[in-house]
Amino acid sequence: MSLEVSHLCKNYGSQKALDQVTFSASPGRILGFLGPNGAGKSTTMKIITGYIGAESGNVQVMGKDALANPKEVSPLIGYLPEKNPLYQDMYVKEFLSFAGGLYGLSGSQLKSRLAEMLDKTGLIPEQHKKISQLSKGYQQRVGLAKALIHDPQVVILDEPTTGLDPNQLVEIRKLILEVAREKTLILSTHIMQEVEAICQDVVIINKGKILAADSLQNLQSGN
Ligand code: ADP
Ligand code: ADP
């Protein structure tokens, strides 16, 4: 298991947002983290990535304690937040170079990671364009390239296909499937079809509680 979340609890003031959230994810598979709006998906992802703390519980990423050592764990995780925050005025390559720099990449290492990511995400023809000039689908590719620039082991995508037209949707799903061959991938969504389309495992969360955690196959066959 490359990600193990156990008994995670989180309150916002007096409101319980997460109540004993437990699940795990393994490499080479896509885990769909499925639940309606307000279920606690973003809160869980923000705790795993170290953006916010938790009241109690445990998060292990590649065997490391993420709650105790967020700085050590953050390089192991790539995160594409729901509201993909891109600097609209930056050029694609410039932005990815900046993002790589934040993870301490520089010189030839940064150059080769940039080349690889631009190639993998189909952004070579767009690399000298301003982010604001790109379609939503291509902006999402930039977000994906940014999440992967430091070659993380665990990749978390929060509602990655929201607002895409059908062609863009197909392209981004293809990319996600490719990425997942080498990584542990968590895809947070409120859409069951998204899970059925590309996930092997599914965790269902509602009102801060895990209702089910199994392979998609087992869940669908009622085992
Ligand atoms: P999801 O991502 O599944 O839509 P969230 O994790 O964003 O759910 O939210 C879970 C619950 O916690 C919701 O009831 C939401 O309103 C609440 N919540 C999220 N962030 C905050 C916050 N910063 N302060 C107070 N309540 C919050
Ligand atoms: P997300 O689902 O990514 O958290 P939201 O639009 O739900 O995005 O929330 C935007 C911001 O407002 C986040 O920082 C979130 O934590 C916060 N937030 C969400 N719900 C509440 C709430 N009920 N009360 C206060 N802050 C909230």
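Student: Where does Arg173 sit?
Tutor: Arg173 belongs to helix 6, which covers residues 166-180; helices here are DSSP runs of H or I with at least four residues, strands are runs of E with at least two, and both are numbered from the N terminus. The model is a predicted one, in which local features need pLDDT of at least 70 and side-chain atom pairs count only at pLDDT 80 or more, whereas totals for chains, interfaces and linings use all residues. Residues are numbered from 1 along each chain as its sequence is written, chains are lettered from A and ligands numbered from 1 in the order in which they are written, and side-chain values use heavy atoms, with hydrogens and water left out.

Student: Which residues does Arg173 touch, beyond its sequence neighbours?
Tutor: Setting aside residues up to four places away in sequence, Arg173 touches Gln193, Glu194, Ala197 and Ile198, where contact means heavy atoms within 4.5 Å. Ile198 is 25 residues from Arg173 in sequence, and their C-alpha atoms are 7.3 Å apart.

Student: What comes after helix 6, around Lys183?
Tutor: Lys183 is in the loop that runs from helix 6 to strand 8 (184-189).

Student: Is Lys183 buried or exposed there?
Tutor: Lys183 is buried, because its relative accessible area is 8% and the buried class is anything under 20%, with exposed over 50% and partly exposed in between (1.4 Å probe, protein chains only). Its side chain makes a polar contact of 2.5 Å with that of Asp151; such a contact is a pair of N or O atoms within 3.5 Å, and within protein one must be able to donate a hydrogen and the other to accept it, while residues adjacent in sequence count only if both atoms are side-chain atoms. Beyond four places in sequence, the contacts of Lys183 include Pro27, Gly28, Arg29 and Leu148.

Student: Switching to the ligands, what surrounds ligand 1?
Tutor: The shell, made of residues with a heavy atom within 4 Å, consists of Tyr12, Gln15, Ala17, Pro36, Asn37, Gly38, Ala39, Gly40, Lys41, Ser42 and Thr43. Helix 1 gives the most, with three residues, and strand 2 (15-25) and helix 1 (41-48) each supply at least two.

Student: Which polar distances stand out for ligand 1?
Tutor: An oxygen atom of ligand 1 is 2.6 Å from a side-chain N or O atom of Thr43, a backbone N or O atom of Gly38 lies 2.7 Å from a ligand oxygen, and for the side chain of Gln15 the distance is 3.0 Å. The protein covers 60% of the 560 Å² of accessible area that ligand 1 has on its own, with areas from the Shrake-Rupley method and a 1.4 Å probe, where for residues only the protein chains shown count as cover.

Student: And what lies around ligand 2?
Tutor: Ligand 2 is surrounded by Ser42, Lys46, Glu82 and Lys83. A polar side-chain atom of Lys83 is 2.9 Å from an oxygen atom of ligand 2, and oxygen atoms of ligand 2 also lie 3.0 Å from an N or O atom in the side chain of Lys46 and 3.2 Å from one in the side chain of Ser42. Of the 540 Å² of accessible area that ligand 2 has on its own, the protein covers 26%.

Student: Back to helix 1, how many of its residues are buried?
Tutor: Six of the eight are buried, so helix 1 is largely enclosed by the rest of the structure; the buried residues are Lys41, Thr43, Thr44, Met45, Ile47 and Ile48. Gly50, which follows helix 1, has a positive phi near 85°.

Student: Which non-glycine residue in strand 1 has a positive phi?
Tutor: That is His7, with a phi of about 50°, in strand 1 (residues 3-12), and at 46% relative accessibility His7 counts as partly exposed. Most residues other than glycine have a negative phi. Glu159 also has a positive phi, near 45°, and sits in the loop between strand 7 (154-158) and helix 6, where it is buried with a relative accessible area of 6%.

Student: What about the overall fold, say the radius of gyration?
Tutor: The chain has 17 Å, which agrees with the value near 17 Å for a compact globule of 223 residues, taken over C-alpha atoms and using the rule of 2.2 Å times the number of residues to the power 0.38. The chain has eight helices and 10 strands, its C-alpha trace spans about 45 × 40 × 30 Å along the principal axes, and 47% of its residues count as buried.
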